[in-house]
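Q: Please take a close look at one helix of this chain and at the two glutamines in it. Then place that helix in the chain as a whole.

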Amino acid sequence: MDQKTADVSFDSLLRIFTVPEGPDSTLTQIEAKLSQNLNHFLREHIVAEEKPLRDIEKDFSDPAIPEQPQFVSDHTQHLLDTLVSHSVHTSSPSFIGHMTSALPYFLMPLSKIMIALNQNLVKIETSKAFTPLERQVLGMLHRLIYSEKESFYSQWMHSANHSLGAFCSGGTIANITALWVARNNALKAEGDFSGVEKEGLFAAMMHHGYKGLAILVSERGHYSLKKAADVLGIGQKGLVAVKTDSNNRIVPEALKEKIVELKQQGIKPFAVVGVAGTTETGNIDPLRAIAEICAQEECHFHVDAAWGGATLMSNNHRHLLDGIELADSVTIDAHKQLYIPMGAGMVLFRSPEAMKSIEHHAQYILRKGSKDLGSHTLEGSRSGMAMLVYAAMHIISRPGYEMLIDQGIEKADYFANLIQQQADFELISQPELCLLTYRYVPKNVREALKLASPEQQDKIHQLLNELTKFIQKRQRETGRSFVSRTQLNPIQWALRDTIVFRVVLANPLTSKDVLTKVLEEQRQIATKVPSLINKLNEQCLAIQSAPQTTTSN
């Protein structure tokens with residue numbers, strides 16, 4: 001039987017703009033399943049066994065735009081077979097290596113409304129109701145951080161000439177925006193100089209007599225800050241790392257010393273970034289201490305709270321971010337612990353005047369005096385993601401978010417304790433939020449490490465790093481569960497490069513039973529690499545048979 005083919009005609013094109021699929025079509029059935037039980041649909045259509053990337057690439061290797069159209073249902077089936085089935089199951093309770101989580105079901109139909117409206121938030125003409133909604137969402141997050149009085153928001157939230165912040169596609173753009181504002185405010189117009197935004201960085205440096213500019217951040221700062229330094233013309237060498245302590249937090253005294261050192265070199269430290277929830281370990285810098293240093297040095301204080309900012313929703317844990325209210329700007333990602341789909345980031349500014357330093361206008365849009373949001377954003381055309389944040393904050397509410405935040409932190413504490421109870425696992429970083437790191441270390445190896453010389457410890461750590469990488473990769477390929485991995489330099493191991501497992505326990509569907517099974521699976525995988533285990537055992541025997549001397553890390 002010949003397969004029917006779609007024809008190329010204007011009438012056919014009009015149908016896909018105006019006529020919905022029939023009730024028995026593939027697309028209609030998918031829509032129904034997504035609405036009825038999202039997680040069941042994902043479990044049903046995402047395969048457990050990982051297909052090698054090179055094989056997936058074969059399904060997407062034709063560079064030609066088709067000359068023959070496909071029927072909607074036929075192409076939908078193609079997507080199910082080639083794309084959906086091999087996607088990452090980010091909402092799975094056992095996939096605990098990602099910062100993405102399960103999503104509330106109501107976001108599916110609301111996303112459909114958002115897409116159907118297809119508003120463009122760059123200007124008021126294409127986002128009449130969405131513009132005030134987005135301004136309100138920014139006001140709500142601003143109030144969460146800065147706790148200003150109602151009169152403040154009445155005056156500034158909808159002011160045409162001011163902005164409390166900006167919606168972005170994610171934390172990277174939010175951080176760039178914050179540091180863009182900081183740079184322009186540091187090199188603003190004065191006298192005959194009309195500002196860095198008009199005259200450029202070279203002219204600005206000449207005018208102020210600076211040999212360079214610097215952004216200071218802890219050693220655990222996010223990689224997006226390197227992009228910011230590059231884009232803003234400061235150069236990646238202008239992103240200066242500051243020493244961290246055993247808890248991965250910036251050391252205030254080291255920050256002071258670094259600022260003095262830069263100034264002596266004629267370099268202007270115009271911004272300091274405090275991290276509220278490091279990507280690798282979830283730790284929070286001493287924000288209040290940093291704020292005090294920034295106030296003394298007249299530096300812009302930005303807090304990258306892309307991950308940890310949502311903790312402010314919890315009255316039980318918001319004290320962990322003490323001092324964030326002193327920041328000049330704050331980044332928060334809604335697609336992390338506000339449980340919004342990718343990508344929805346925000347940057348908030350304490351002063352409604354701050355963003356004037358990056359204000360842009362045009363004749364056909366973004367006119368002076370208009371309420372066009374694009375006049376204060378790095379991105380131009382944007383979708384109305386603020387609608388989903390607005391809906392979630394009303395449907396979940398602050399107490400609901402508090403419960404989500406609290407359960408994540410409690411689960412991380414539980415998992416940390418569970419790891420410490422195991423004879424063959426080692427906790428590397430204690431959780432502060434809902435992130436932690438650990439690794440698999442056989443019991444005999446743990447005992448041998450206590451007796452080993454520094455040189456012997458080096459050899460064992462190299463083998464453990466290989467073992468950790470093997471376990472993580474095999475666990476990912478098997479597809480039953482997933483943890484990520486990263487490299488740390490723990491003080492307890494003399495700052496050696498240490499490959500560790502990293503987990504994020506934000507998914508409310510992840511149970512304690514799942515966490516136990518993750519450890520069991522890792523333990524079983526370790527037995528499937530006898531060559532590494534044998535080498536570790538050989539090292540242990542050599543240490544145990546040698547004359548014993550007291551060693552230290």
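A: What follows treats the helix first, then the whole chain, then a few local backbone features.

This is a predicted model, in which local features need pLDDT of at least 70 and side-chain atom pairs count only at pLDDT 80 or more, while totals for chains, interfaces and linings use all residues. Numbering runs from 1 along each chain as its sequence is written, and side-chain values use heavy atoms, with hydrogens and water left out.

The helix is α16, residues 397-420, and Gln-407 lies in it. Helices here are DSSP runs of H or I with at least four residues, strands are runs of E with at least two, and both are numbered from the N terminus. Gln-407 counts as buried because its relative accessibility is 16%; the term buried means under 20% relative accessible area, exposed means over 50%, and partly exposed is in between, with a 1.4 Å probe and protein chains only. The side chain of Gln-407 makes a polar contact with that of Lys-411 at 2.8 Å. A polar contact is a pair of N or O atoms within 3.5 Å; within protein, one must be able to donate a hydrogen and the other to accept it, and residues adjacent in sequence count only if both atoms are side-chain atoms. Leaving aside residues up to four places away in sequence, Gln-407 touches Tyr-339, Leu-505, Ala-506, Asn-507 and Pro-508, where contact means heavy atoms within 4.5 Å.

Gln-420 is also found in helix α16. With 45% relative accessibility, Gln-420 counts as partly exposed. Its contacts, again not counting residues up to four places away in sequence, are with Leu-427 and Gln-430. From Gln-420 to Tyr-438 the C-alpha to C-alpha distance is 9.6 Å, and the two are 18 residues apart in sequence.

As for the whole, the chain has 20 helices and eleven strands. Its radius of gyration is 26 Å, close to the 24 Å that the globule rule gives for 553 residues, so the chain is as compact as a globular protein of that length. That radius is taken over C-alpha atoms, and the rule is 2.2 Å times the number of residues to the power 0.38. Along the principal axes, the C-alpha atoms fill a box of roughly 80 × 80 × 45 Å. Of the 553 residues, 50% are buried. Among contacts in the chain with a separation of 6 or more, 71% join residues 24 or more positions apart.

Two backbone features sit in loops. The peptide bond from Met-342 to Gly-343 is cis, with omega near -15°, and Gly-343 is in the loop between β6 (329-333) and β7 (345-349). Glu-298 has a positive phi of about 55° although it is not a glycine; Glu-298 lies between α14 (287-297) and β5 (300-304), in a loop. Glu-298 counts as exposed because its relative accessible area is 67%.

Ala-494, not a glycine, likewise has a positive phi of about 55°. The loop that holds Ala-494 runs between β10 (484-488) and β11 (498-504), and Ala-494 is partly exposed at 37% relative accessibility.
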